[in-house]
Amino acid sequence: MKLLSFFLISTMFLNAQHQDTMKQATKPNILWIVSEDHGPHMGAYGDTFATTPNIDKFAKKGMCFNYAWSSAPVCAPARTTLWSGISGPSSGGEHMRSMSPYPTEKNMFPKYLRDIGYYCSGNGKEDYNLSTPKGVWDESSNRAHYNKRKPGQPFFAYFNNTQSHEGHIHDITRTAKNKRKPSLHDPAKVKLPKYHPDCEAMRLEWAAYYNSITVVDSIAGKRLAELAEAGLEDNTIVFYFADHGGGLARNKRWPNNAGLQVPVVVYFPEKWKHLAPKEYKAGGRSDRLISFVDFAPTMLSIAGIEPPKWMQGHPFAGDYQTEEQPLVYGFRGRMDERLDLVRSVSNGRYVYLRNYMPQFSQGQRLESQIRLPFSSTAAWKKLYDQGKLNKAQSLFWDTPKAPEELYDLKNDPDEVNNLAKSKAHQDILKKMRKAQQDYALAIRDVGFIPEHERFNTNMAPYDFGHNEKLYPFERIFSTAEIASFMNPDDVCELQKRMTDENIIVRYWATMGMMMHGKKAVSKSKKALKKALSDTSDDVKIAAAWALVKYGDDPETSKKALVLLSELAQRKDNVFVVMSALTALDDCGIKTASLKHEFANWSTTPEAPNKRYAAYPQRLMKSILLRYGIPVKNVK
């Protein structure tokens, strides 16, 4: 009897194990090959200057998406959106190095694949802007590989290639002795976009950029060959894509089409073609609009999992694929040490950008781009300062930015002719503006919260943003709208909102006075002076910024300057220091009375994460350079 019972139990166990194995065998493998910092500059996308034989060959048996956006024009915010399925401005991951808590009771998509038996390996950067939730990977390291899975176990594998990263582009054009390195692609034959000046540094770096794409194409070819040699090609869905636009200025970090459009080439083997996008065709092309927020729900859909409702993207493949979407959305937040807030939207033909901090140029002085004297960005800025650029080439450095930008990709692929004021384009402008506003409301965009205020609460930004009592979004958003549109008729309304009970409303109303300029500041002198004593440091900084930059009362401006200098030397809050230094930097020569003190300031405040540590020093460096003060002694 015992033997029979043992036999029955063993049989049941083996049957269950067999059923589990069969269930796993009915799931496709998924392989991602990802390269950094490059747009669709590949032969498969019609670029004849590119040397990309492996992806070109791969595209002939797979399908290219003609219009894919990465959501963000820089790696960590784009990557955070990619893995979470939540747009960066909704999750709180839009700032470069946001380091925000992950939304509660949510996870990155590989966790859900693991829950149904997938082996998930990540070989390459994590570098998320949100804290990593538990259970995402079986292994995440530079040794991670799908070949470590159990026999018959389906896998999701991610390989990230850094050889096309901007660091290689900027740093490898010269040797240690500053001599030019040989290039596979002739700099003289580079076709420069209209916004870049024709100078040696720019041509060298564009050539180096094309060289780097050839390198990652070769690596991708080896990964594809490895898959075939392992006999897995017929059971594996493969994605090749880049993480955002090319690693040159006004491509990387700027949320226009040049900064967001990426190559996406997919391959669905015959066995899994029923999971492919409905328009899938070997060697074909798709005009479907997709973006990184769509990738997480798409991977779940391919694996047979219905994506959770909180994911904000739309599956474009798998059992749960949706109809094609009419629009894609992009964003830009703080880029390392530089504050900004830009949102973008495209229908594939037109690109709309909304600048909520128009006081800053597109370029700003970003240390990571301009640190090398022979870099293309440094050369570009030098030509701008010398007055040697045309209108299209100057747009990157001009201030203020236009509150709205509209570009027609069909007639203006380089995005240099802003149609926002064109009478013939007002209908499309209004349609795109409304789409951006509706999307911000739908996702509860938390980018309007000053970063200092985010860390005043233990809540994840996503959770805070979805609490109407804590985050009255429509009131905050409408204040940011009227503040940044800079309509003189709105000054009285901004004055009223400077006394609002909500700190974030007061912040945007006060910032609006500074954005509106001298007349608004003069008209609102009393309200701004009162705001110097606000309970919020962010409101204080905004008021002081306005009074120093545009104030006509020397005594009040001096008081405001003293306040900024005190806040910039705070020891306990990196975000307050960064905001105060940003204001001082933007005020330019109005800070001249402090020029002999700057070099003695300490710029190493406490920070919630060490990744922020260098940002105050970089901002101080910008200030010191203005006054010709040696920067080697920045504290």
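**Notes on a predicted model: one sheet, one buried threonine, two pockets**

1. Strand β11 covers residues 350–355 and is joined to β12 by five bridges. The two strands run antiparallel. Within this pairing, leucine 353 faces glutamate 405 of β12. Note that the model is predicted.

2. β11 and β12 belong to an open sheet of four strands. The order is β9-β10-β11-β12, and the pairing is antiparallel. The edges are β9 (328–332) and β12 (404–408). Each has a single partner strand, so one side of each lacks a neighbour in the sheet. From one strand to the next, the twist averages 15°.

3. Which helix packs on the sheet and touches β9, β10, β11 and β12? That is α13, residues 426–443. Its direction makes about 60° with that of β11. Helix α16 (residues 473–485) lies across β11 and β12. Its angle to β11 is about 95°.

4. Look next at helix α11, residues 376–385, where threonine 377 has its place. Is threonine 377 buried or exposed? Its relative accessibility is 2%, so it counts as buried; the cut-off for buried is under 20%. What does threonine 377 touch, leaving aside neighbours within four places in sequence? Its contacts are Ala249, Gln369, Ile370 and Trp397.

5. Helix α11 also helps to line a pocket, the second largest, with a volume of about 610 Å³. Its lining has 22 residues. Nearest the centre lie Gln364, Arg365, Lys381, Ser622 and Arg626. Three elements give two or more residues to this lining: α11, α23 (574–586) and α24 (615–626). The largest share, four residues, comes from α11. By class, the lining of the second largest pocket holds eight nonpolar, six polar and eight charged residues.

6. How big is the volume of the largest pocket? It is about 880 Å³. This pocket is lined by 28 residues. Those closest to its centre are Pro40, His41, Gln261, Pro413 and Asp414. The elements giving two or more residues to the lining are β2 (63–69), α7 (200–229) and α8 (257–260). The lining of the largest pocket splits into 13 nonpolar, eight polar and seven charged residues.

7. To start viewing, try three places. Begin at leucine 353 opposite glutamate 405. Move to threonine 377 in helix α11. Then go to Pro40 and His41, among the residues closest to the centre of the largest pocket.

Key: Residues are numbered from 1 along each chain as its sequence is written. This is a predicted model: local features need pLDDT of at least 70, side-chain atom pairs count only at pLDDT 80 or more; totals for chains, interfaces and linings use all residues. Side-chain values use heavy atoms; hydrogens and water are left out. Two strands pair if DSSP finds at least two bridges between them. Axes are lines fitted to C-alpha atoms, for helices over the stretch in contact, and angles run from 0 to 180 degrees between N-to-C directions. Contact means heavy atoms within 4.5 Å. Buried means under 20% relative accessible area, exposed over 50%, partly exposed in between (1.4 Å probe, protein chains only). On a 1 Å grid over the protein atoms alone, a cavity is a set of points where a 1.4 Å probe fits but cannot get out, and a pocket is an open set with protein on both sides within 12 Å along at least five of seven lines; lining residues have an atom within 4 Å of a point. Grid points are joined across faces, edges and corners, and a volume is the space filled by probe spheres set on the points. Ala, Val, Leu, Ile, Met, Phe, Trp, Tyr, Cys and Pro count as nonpolar, Asp, Glu, Lys and Arg as charged, and the others, Gly among them, as polar.
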